[in-house]
Amino acid sequence: MNMRTRILEARRLVVKIGSALVTNNGAGLDHAALDDWARQIALLRQGGREIALVSSGAIAEGMQRLGWKKRPSEMHSLQAAAAIGQMGLVEAYEKTFSRHGLATAQILLTHDDLSDRQRYLNARSTLVALLELGAIPIINENDTVVTEEIRFGDNDTLGALVANLIEADGLIILTDQKGLYTADPRRDPSAELIEEGSAEDPRFEGMAGGAASSLSKGGMLTKVLAARRAARGGTHTCIASGHEPDVLLRLARGERIGTLLHASSSRLAARKQWLANHLQLAGALVIDAGAAKALHEGRSLLPVGVLEVKGDFRRGEAVACLDEAGEEIARGLVNYGASECRRILRKSSADIESILGYVDTPEVIHRDNLVVRAAS
């Protein structure tokens with residue numbers, strides 16, 4: 001099978017554009033480039049495709065407006081630059097897409113929006129409604145309020161999470177490189193472009209280099225990891241140069257541009273997809289070998305298999321399930337808070353009511369709310 005047809009046949013796409021492209025390497029917003037991408041997206045929309053745009057550039061644009069040459073490290077300075085830059089970024093997108101007859105919507109997300117189940121579903125409903133209306137969501141991390149502890153880390157990760165959120169068929173990451181190489185082409189002239197491969201192939205991590213520039217927080221490694229994250233939801237990823245003429249249109253026609261990292265697994269159920277992509281967990285349960293075996297066989301986690309409770313989580317929060325060696329083998333939504341779990345661990349489900357005075361469910365985590373990692 002020609003893997004490029006997976007993008008050719010994609011009806012819902014997420015396009016992520018990096019800071020260096022959006023701001024012409026920090027010289028200021030590249031309005032000509034923005035207009036060209038808007039033109040291509042408008043043509044894709046006319047062809048019946050739904051497009052969500054994840055755009056970096058707020059901090060870089062803010063730095064340019066403030067006259068800063070070096071990206072600051074202090075959180076408050078980054079937040080100030082983002083607040084200033086976001087004004088220009090969203091205005092530029094609104095103007096350029098309107099010239100092509102498309103409405104736009106600004107969506108600023110934080111980790112909390114995707115880690116809380118209710119807010120996750122609200123964000124999904126809004127984005128899907130916008131796509132169905134024919135609008136182009138312009139999505140960025142809410143850098144003005146996010147803190148280091150709860151940030152996504154880079155917009156490549158955000159792009160993958162948005163792809164999972166809206167169940168996109170494809171994720172296109174535009175960068176200033178032609179794609180993924182066997183080595184860093186800026187340092188190794190013998191490096192060769194990888195045209196396609198599995199997003200789950202661990203070899204690609206070693207081939208990816210560091211940060212692309214002083215403007216971006218990411219680099220090729222974050223793109224490879226984003227492709228892997230997107231693949232867990234069944235989304236295929238193309239990494240290509242934003243400098244290629246008509247790059248979006250040509251990728252959508254199935255042309256062999258850049259690197260295609262395809263998903264080899266089927267799409268996870270929506271709830272399990274959300275669980276698989278939790279960046280931060282509320283706690284952990286250490287389980288015995290029998291419970292670990294049961295999880296791999298598709299069964300629920302019962303209190304009798306829990307050896308230890310880590311953290312102070314509430315009912316309904318996401319926790320990791322660790323084996324006795326401390327390795328994560330699954331994650332899921334708990335039916336009991338940490339204090340209740342500590343009281344019923346190693347106990348039979350039949351004893352829950354007598355211990356707690358009530359019984360919610362006989363399982364600590366039901367199998368429908370579990371994502372189990374493949375056995376190694």
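This is a working chat about the fold of one predicted model.

User: Ok, how many helices and strands does the chain have?

Analyst: There are 15 helices and 13 strands. Keep in mind that the model is predicted.

User: And how does the radius of gyration sit against the globule rule?

Analyst: It comes out at 22 Å, close to the 21 Å the rule gives for 376 residues, so the chain is as compact as a globular protein of that length. The C-alpha trace spans about 70 × 45 × 40 Å along its principal axes.

User: What share of the chain is buried?

Analyst: Buried residues are 54% of the 376. The accessible surface is about 16,100 Å², and carbon and sulfur atoms hold 49% of that.

User: What about contacts between residues 24 or more positions apart?

Analyst: Those make up 73% of the contacts with a separation of 6 or more.

User: Let's do sheets. What's the strand order in the one with 8 strands?

Analyst: That open sheet runs β3-β4-β2-β1-β5-β7-β8-β6, with mixed pairing. At the edges are β3 (104–109) and β6 (196–198), each pairing on one side only. From one strand to the next the twist averages 20°.

User: Do β5 and β7 go parallel or antiparallel?

Analyst: Parallel: 6 bridges join β5 (residues 170–175) to β7 (residues 236–241). To find your place, G170 has H236 in β7 as its bridge partner.

User: And how does β8 pair with β7 and β6, parallel or antiparallel?

Analyst: One of each. β7 and β8 run antiparallel over 3 bridges, and I239 is partnered by T259 in β8. β6 and β8 run parallel, again joined by 3 bridges, with S198 standing opposite H262.

User: Which way do the residues of β8 point?

Analyst: T259 and L261 point one way from β8 (residues 259–262), while L260 and H262 point the other way. All of them are buried.

User: Which strands does α8 touch?

Analyst: Helix α8 (residues 155–165) packs on the sheet and touches β1 (12–17), β2 (50–55), β3, β4 (136–141) and β5. Its direction makes about 135° with that of β4.

User: How many of its residues are buried?

Analyst: For α8 it's 11 of the 11, so the helix is largely enclosed by the rest of the structure. Among them are N155, D156 and N164, along with L158, L161 and L165.

User: What's the backbone doing just after α8?

Analyst: E167 takes a positive phi there, about 55°. You'll find another positive phi following α4, where G67 is near 80°.

User: Since you brought up α4, which of its residues are buried?

Analyst: In α4 (residues 58–66) they are A58, I59, A60, E61, G62 and M63. The cover over them includes α2 (19–22), α5 and β4.

User: Sticking with α5, is E94 buried or exposed?

Analyst: Neither; E94 has 41% relative accessibility, so it counts as partly exposed. E94 sits in α5 (residues 75–98). Its C-alpha is 6.0 Å from that of T104, which is 10 residues away along the chain.

User: Switching to the sheet of 5 strands, what's the order there?

Analyst: It's β10-β9-β11-β12-β13, an open sheet with mixed pairing. The edge strands are β10 (306–311) and β13 (370–372), and each pairs on one side only. The twist averages 20° from one strand to the next.

User: How do β9 and β11 pair?

Analyst: In the parallel sense, over 4 bridges, with β9 at residues 283–287 and β11 at residues 318–322. L285 stands opposite C321.

User: Last topic: how many aromatic pairs are there in the whole structure?

Analyst: The search finds 2. In one of them, Y336 and Y358 have ring centres 6.3 Å apart and planes at 40°, so the pair is tilted.

User: Where in the chain are those two?

Analyst: Y336 lies in the loop between β12 (328–333) and α14 (338–344), and Y358 in the loop between α15 (352–356) and β13. They are 22 residues apart, so to speak a link between distant parts of the chain.

User: And are Y336 and Y358 buried or partly exposed?

Analyst: Y336 is buried, with a relative accessible area of 1%. Y358 is partly exposed, at 38%.

Definitions and conventions
Residues are numbered from 1 along each chain as its sequence is written. This is a predicted model: local features need pLDDT of at least 70, side-chain atom pairs count only at pLDDT 80 or more; totals for chains, interfaces and linings use all residues. Side-chain values use heavy atoms; hydrogens and water are left out. Two strands pair if DSSP finds at least two bridges between them. Axes are lines fitted to C-alpha atoms, for helices over the stretch in contact, and angles run from 0 to 180 degrees between N-to-C directions. Contact means heavy atoms within 4.5 Å. Buried means under 20% relative accessible area, exposed over 50%, partly exposed in between (1.4 Å probe, protein chains only). The radius of gyration is taken over C-alpha atoms; the globule rule is 2.2 Å times the number of residues to the power 0.38. Accessible areas come from the Shrake-Rupley method with a 1.4 Å probe; for residues, only the protein chains shown count as cover. Rings of Phe, Tyr and Trp (its six-membered ring) pair if their centres lie within 6.5 Å; planes under 30 degrees apart count as stacked, over 60 as edge-to-face and the rest as tilted.
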